[in-house]
Amino acid sequence: MAKVRLEGITRQFGGVAPRATVAAGITDITFEVPDGQFWVLIGPSGCGKSTILRTIAGLETATSGDLYIGDCLVNQIPARQRDVAMVFQNYALYPHMSVAENLAFGLQMRRVDAKTTQERIETVAEMLAIDHLLDRKPGQLSGGQQQRVALGRAIARQPQVFLLDEPLSNLDAQLRDETRAELKRLHQQVGITTIYVTHDQVEAMTLADQIVVLDQGRIQQIADPQTIYGSPANRLIATFLGSPPMNILAATYDGTAFQIGGQTLPCPESVQAKLQPLQGQHYDLGIRSEHLQISADVDHLKVEISVVEPLGREVLVRAVLPTSSSRSPEVAFQCRPDQCPRVGDRLSLTLDLKQLFIFDQQTGNTLHPS
Ligand SMILES: Nc1ncnc2c1ncn2[C@@H]1O[C@H](COP(=O)(O)OP(=O)(O)OP(=O)(O)O)[C@@H](O)[C@H]1O
Ligand SMILES: [Mg+2]
């Protein structure tokens with residue numbers, strides 16, 4: 001096991017100026033994953049997650065910056081000598097080999113003895129529920145089964161570092177939950193340093209010691225899951241984690257209250273102090289769905305119900321704030337099934353003002369809570 005340190009790693013793709021208007025790739029990526037920790041990289045498609053993993057694996061060469069595995073500078077060390085195991089987004093298996101041979105391949109390359117190899121194959125095959133498929137070729141497996149074989153191949157190797165690129169994306173919902181829990185258990189047992197890429201915010205929240213949020217090739221925030229959820233550094237991060245995503249409402253501030261599409265929302269006094277110098281400005285307000293409730297007494301927002309989605313334990317309700325403009329602001333909130341409104345109902349919502357987020361409309365940076 002080993003720590004992994006990236007220092008100012010940049011990898012630029014694409015044409016040379018002036019033809020290239022925006023350089024794709026990753027820019028100035030710096031972080032250190034301590035030995036044995038589980039870190040998750042998250043961000044929109046194309047933000048550079050796979051490029052970071054591929055650079056750590058040695059499959060991509062950084063344009064600049066230094067990469068350390070343990071205390072060793074590995075910039076010049078070829079991929080096969082880095083003792084990292086990567087599970088790719090497209091889980092490339094060897095098509096001519098059986099599942100068992102695929103699982104054994106990395107171990108044979110490292111001259112692990114036959115008995116240990118056999119034991120490890122049996123353990124991972126059982127763990128990932130592929131033990132009945134050991135004689136099949138990859139072409140005879142479903143996408144989800146292939147993905148589990150790719151994961152098993154990496155686990156069987158017991159490398160210094162795991163690099164997992166969306167390793168659960170092809171599994172059905174139930175298997176995905178099970179495998180996620182299995183990965184967490186495995187990590188608690190073996191403690192191999194892991195860097196894990198996902199789009200899935202539940203995976204990010206449940207698995208990570210620390211989450212690295214990326215956008216357009218740059219780091220936006222590094223923090224533990226609860227901090228990322230509770231104190232996101234900007235609007236993008238706020239809306240990326242949480243299901244449904246945080247509600248964002250454009251508002252104008254008059255010194256004591258916000259105006260949202262003709263409705264008035266009081267601004268808590270503690271927050272007024274922060275906004276005072278910027279009176280009359282436009283802000284984006286952020287409200288998490290769990291902080292909105294149907295209310296008969298305090299009415300903060302009047303809404304008209306547009307969509308109702310029963311989820312069993314609760315109902316996800318989408319509503320619009322009726323305005324004269326063509327694009328009415330929308331909010332989503334949850335309620336109990338026995339409270340469920342009907343489409344077209346007009347009702348009042350109360351919100352927990354202490355939980356309000358305020359973002360700079362231009363930069364997206366979080367102004368409150370800060
Ligand atoms: N070999 C390449 N040549 C040119 N551009 C590339 C290359 N590989 C990646 N890119 C570009 O670099 C950016 C980052 O790509 P990357 O694959 O790292 O994104 P990602 O975050 O993994 O996205 P996704 O979530 O869709 O997998 C994208 O704009 C992509 O088009
Ligand atoms: Mg990717």
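## A quick tour: sheet, ligand shell, helix pair

Begin with the open sheet: 4 strands, lined up as β2-β1-β4-β5 with antiparallel pairing. Keep in mind as you click around that this is a predicted model. Now color the two edges, β2 (25-33) and β5 (72-73), each of which has a pairing partner on one side only.

Next, move inward and select residues 4-12 and 64-69, which are β1 and β4. These strands run antiparallel and are joined by 5 bridges. For one spot to zoom in on, show Thr10 and look across to β4, where Ser64 is its bridge partner.

Then pick ligand 1 and bring up its surroundings. Around ligand 1 you'll find Phe13, Gly14, Ala24 and Gly25, then the run Ser45, Gly46, Cys47, Gly48, Lys49, Ser50 and Thr51, plus Gln89. Which helix gives the largest share of this shell? Select residues 49-57: that's α1, and it supplies 3 residues. Color the shell by class and you get 8 polar, 3 nonpolar and 1 charged residues.

Last stop: the helix pair. Select α3 (residues 114-127) together with α4 (residues 143-157); their axes sit 9 Å apart, at an angle of about 135°. That angle is why α3 counts as oblique to α4. The crossing of α3 past α4 is right-handed. To see where the helices meet, show side chains for Arg120, Ile121, Val124 and Ala125 on α3, and for Gly152, Ile155 and Ala156 on α4. By class, this contact has 5 nonpolar residues, with 1 polar and 1 charged.

How values were computed. Residues numbered from 1 in each chain as written. Chains lettered and ligands numbered in written order. Predicted model: local features only at pLDDT ≥ 70, side-chain atom pairs only at ≥ 80, totals over all residues. Axes fitted to C-alpha atoms, helices over the stretch in contact; angles between N-to-C directions. Parallel < 35°, antiparallel > 145°, perpendicular 65-115°, else oblique. Left-handed = near helix turned anticlockwise from the far one by under 90°. Contact = placed C-beta atoms within 7 Å. Nonpolar A, V, L, I, M, F, W, Y, C, P; charged D, E, K, R; others polar. Pairing = 2+ DSSP bridges. Near = placed C-beta within 6 Å.
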